[in-house]
Each structure stands twice: as structure tokens, then as C-alpha cells.
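Trainee: I'm new to this one, could you walk me through it?
Mentor: Gladly, here it is.

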2 protein chains.
Amino acid sequence: MDRRQQKTRAAIFRAFTGLLAEKSYGRITVQEIIDAADVGRATFYAHFGTKDDLLKALCEELFGHIVGSAMDCTHTHGLYSDRKAPASVFCHLLQHLQENDHNILGLLSCESSEIFLRYFKDSLNELIQELFVNRDRKTGAAVPQDFLVNHISGSFVEMVLWWIRGRMKQTPEELDRYFRAVIEPIL
Amino acid sequence: MDRRQQKTRAAIFRAFTGLLAEKSYGRITVQEIIDAADVGRATFYAHFGTKDDLLKALCEELFGHIVGSAMDCTHTHGLYSDRKAPASVFCHLLQHLQENDHNILGLLSCESSEIFLRYFKDSLNELIQELFVNRDRKTGAAVPQDFLVNHISGSFVEMVLWWIRGRMKQTPEELDRYFRAVIEPIL
DNA sequence: ATAATAGTGAACAGATTGTTCGTTATTATA
DNA sequence: TATAATAACGAACAATCTGTTCACTATTAT
């Protein structure tokens, strides 16, 4: 609502992500954040109860956004007509990542990437769960459905990590092919 | 060498793992560790330069042990004749986990499990890499080998996390079946 | 027996945290 | 435009934590 709130919130987010590119989450102090954001100490604590709260808020904003967009895309096709329709939700997600919306790659490739990957996977889980509802399963009941959902979201996240750590030498389309090669045989 | 060193080292490890069961890694202070271990402040810093060093040392000891044993098992069969030969390395690993050697489950199920999972996965990667060397790959070159290795170790670790978070209702043998069901089709 | 090694306990400056409070600036709205 | 509500400021605070130092004591290996 209040423009001032949005400004400080954005400034804190910006400072925080900037610091994450330099050092691990654990070593970042509130002091550094407010210095970088040029914001009063009391102001920080008026917005976020703790550093962990800030982390959580940032993750929700980022991953909620990216996964939400993927969800919209699969539900209402044609909405993104201005962009080449991706071959799969996974490809869509990877392209989103490569475009580096809100410097999301910075977070996933920083020293504390594991923390962000967990949030990412949680969001992914919801997405994939939904995809399964609208889909006939061809597989017999060899494995429970929630095992399968976890396997897919887990593999995807681990693949993204592998991709980033390898300096992202593959294109999203290439990665998508790999991923489908290891996932589709079991669907 | 010196018995005193081993004792304090063990006391610190014990105190640390105990605290991890209660609170997240980030919230644990050196102060609490030395209080719980009943060890002088200077002593702690004589052993570990920092809290992160302690974490690393613990992980190396634990995962090096469990994965190393799995590696031995696959190399020299019959060594573990006193125990029912497990159907696969994965089953072997899962059984080891369930036995909760050195309270390894406590670490993997605590609030900071992500940190430990990363170390676990690193160790696993080496193991699986080795397994691939001694094995003919049936798959075509649809996906690169290191992608595949990462996919397998990543999936395994994510499965363990799923297992633990679901309160470990499945037996290691059951889990092993699931895992082979999603992995063997692509080998 | 003795020299080397490890642990003790206290003290330390410096940094970090989370909170409080009076003051100032910005915003919404009447 | 006037005014009341809201947000940020900045300075200060006690409490805690960190990492290091030092003189002293206990244990260990040889």
C-alpha cells in the first residue's frame, strides 16, 4: 500500500540478494543488510522479525512467481502467445530460470543454494502434484504416487543444481531432453 | 593418538549432534556446544577453527564411513558374510541408515538436514561414479554420463529425505524396490 | 622421571542482536 | 489544503557471542 513500505522492502531484498552473491547466508549479518540497503535498524525489524523471515519472504516471492507462472501456462494454454510455446512445463521453467528473473539464478548458484533449493522444491511439488491430477497414469501401482511426485520434483531440482554448478553450458531445450529421457520411461 | 584428544573430540561431536536434534544449525552457538560438551572454550578452538569446520569434520566422518562401507561391499563380496547380502548397493545403504549408525538419522532428519544431505550426496556421487566404471551402459548416448550419475545420486538423496520426512514407514527393501523401479528403466 | 602435549579457566575487545524512544518525513483522506 | 496516521530515522541499550591470549595444571608418551 504505502509507497515507503514497498521501497524499503525492495531495498532490503536487493541488498540481501547482493550480499548472497558474495558470502554465505550464515555469515551475512543484519548489520550488513541494513548498511547495504541504507535503512535504519529499527526499520528492518519493523519489516522482518528475523533474518530467516527475510529469507522466507524472498523465497515465497520468487518461487511463488516462477512456479505460479508455469502453473498458469499449463492450465490456460495460449496465454503466453507472445512467446514460443515451450515443449513442456519443465522446459518452460528452465527458460524462466535462464532469463534470470529477479536474479533468481544468483540465489540458486550462491554459496547457500541448498536453502533456496528446498523452497524451490516445495513449490515444484505442488505444481507436479497438480499435473498428475489431470493425467492418466500409465504405470502400474509399482510405486506410490507421492513417491513419484517427490522423485520428479527432486530430480528436477538436483538437475538444476547440476546445471548451475556446471556453469550452465546446456540450453534449456537440451536439459529438457535429458530430463524427459530419464523421467518419461517411468510415467 | 592422544586419548585426551579423542575424548574431547568425541564429546564435542556428541554435544553437537545432540543440539542439532533440538535446534537448527544456524541457531547453535559455540557457547552451547562447549557447555554441553563440558569443554573449555580454548579447547574447542584448538580442535576446530570454526563451527563450520566442526560440521565438515562430522560429515566427513559419518558419510565417509557409511559410503565407504558400501563401496567395500560392492568391491569385495563376501566380506559381510555375517549379514544377509543386500540385493543392491542402494538397499545396503538404506539398511545402514535404518540401523542409525552414529545417529546418522538424527542428522538427516533434523531441522538442518539440507546441509547434511549435500555432504551425503557428494559422497554418493563418488560411489555411483565408480559403479558406472565397472558396468556396461546399455543406454544410448541420449544423456551424458555425469548427468546420469547426478540424477541417480540426487534421486537417492531426495528419496531418503522423503522417507525420513514421512516418518520412515517403508522398509529398506520396499524403498529399494521403488528406487529400482524408477532408475533401472533408464540404465 | 621428564619433556611434550592437551586441557583449564578467566579475561578481553569487538561485533551482533533485538528493542526502545523521541523526532522527522511522507502519505492517505477528509 | 489541512490534518491525522503511518513509516522511517538514528541513537542508544543491555545482552550475548566470537575468537584469541595467557599463565597454570593434568595427562600422556618415551
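Mentor: We will go through the DNA contacts and then some helix packing.

Mentor: Before that, this is a predicted model, in which local features need pLDDT of at least 70 and side-chain atom pairs count only at pLDDT 80 or more, while totals for chains, interfaces and linings use all residues. Residues are numbered from 1 along each chain as its sequence is written, chains are lettered from A and ligands numbered from 1 in the order in which they are written, and side-chain values use heavy atoms, with hydrogens and water left out.

Trainee: OK, how many residues surround DNA strand D?
Mentor: There are 21 around DNA strand D, and the closest are A:Gln5, A:Thr8, A:Gly40, A:Thr43 and B:Tyr45; a residue is near a strand if one of its heavy atoms lies within 4 Å of it. Of the atoms of DNA strand D that come within 4 Å of the protein, sugar and phosphate account for 65%.

Trainee: And which helix gives the most to that surface near DNA strand D?
Mentor: That is H3(A), with 4 residues, where helices (H or I, at least four residues) and strands (E, at least two) are DSSP runs numbered from the N terminus. At least two residues each come from helix H1 (3-20) and helix H3 (41-47) of chain A, and from helix H1 (3-22), helix H2 (30-37) and helix H3 (41-47) of chain B.

Trainee: What does B:Arg4 get close to on DNA strand D?
Mentor: An N or O atom in the side chain of B:Arg4 is 3.1 Å from a base oxygen of DNA strand D. By contrast, a backbone N or O atom of A:Gly40 lies 2.8 Å from a phosphate oxygen of that strand, and a polar backbone atom of B:Gln31 is 3.4 Å from a phosphate oxygen. A polar contact here is a pair of N or O atoms within 3.5 Å; within protein, one must be able to donate a hydrogen and the other to accept it, and residues adjacent in sequence count only if both atoms are side-chain atoms.

Trainee: Switching strands, which residues are closest to DNA strand C?
Mentor: DNA strand C is surrounded by 20 residues, the closest being A:Tyr45, B:Gln5, B:Thr8, B:Gly40 and B:Thr43. Sugar and phosphate make up 64% of its atoms within 4 Å of the protein.

Trainee: Which side chains there lie by a phosphate oxygen?
Mentor: Among them are A:Tyr45, with a side-chain N or O atom 2.9 Å from a phosphate oxygen of DNA strand C, B:Thr8 at 2.2 Å and B:Thr43 at 2.8 Å. The largest share of the surface near DNA strand C, 4 residues, comes from H3(B).

Trainee: New topic: at what angle do H5 and H7 of chain A pack?
Mentor: Helix H5 (residues 89-98) and helix H7 (residues 113-133) of chain A pack at about 150 degrees with axes 12 Å apart; axes are lines fitted to C-alpha atoms, for helices over the stretch in contact, and angles run from 0 to 180 degrees between N-to-C directions. H5(A) and H7(A) are therefore roughly antiparallel, a word used for angles over 145 degrees.

Trainee: Which residues of H5(A) meet H7(A)?
Mentor: A:Val89, A:Phe90, A:Leu93 and A:Leu97 of H5(A) meet A:Phe120, A:Leu124, A:Leu127, A:Ile128 and A:Leu131 of H7(A), where contact means heavy atoms within 4.5 Å.

Conventions. Parallel < 35°, antiparallel > 145°, perpendicular 65-115°, else oblique.
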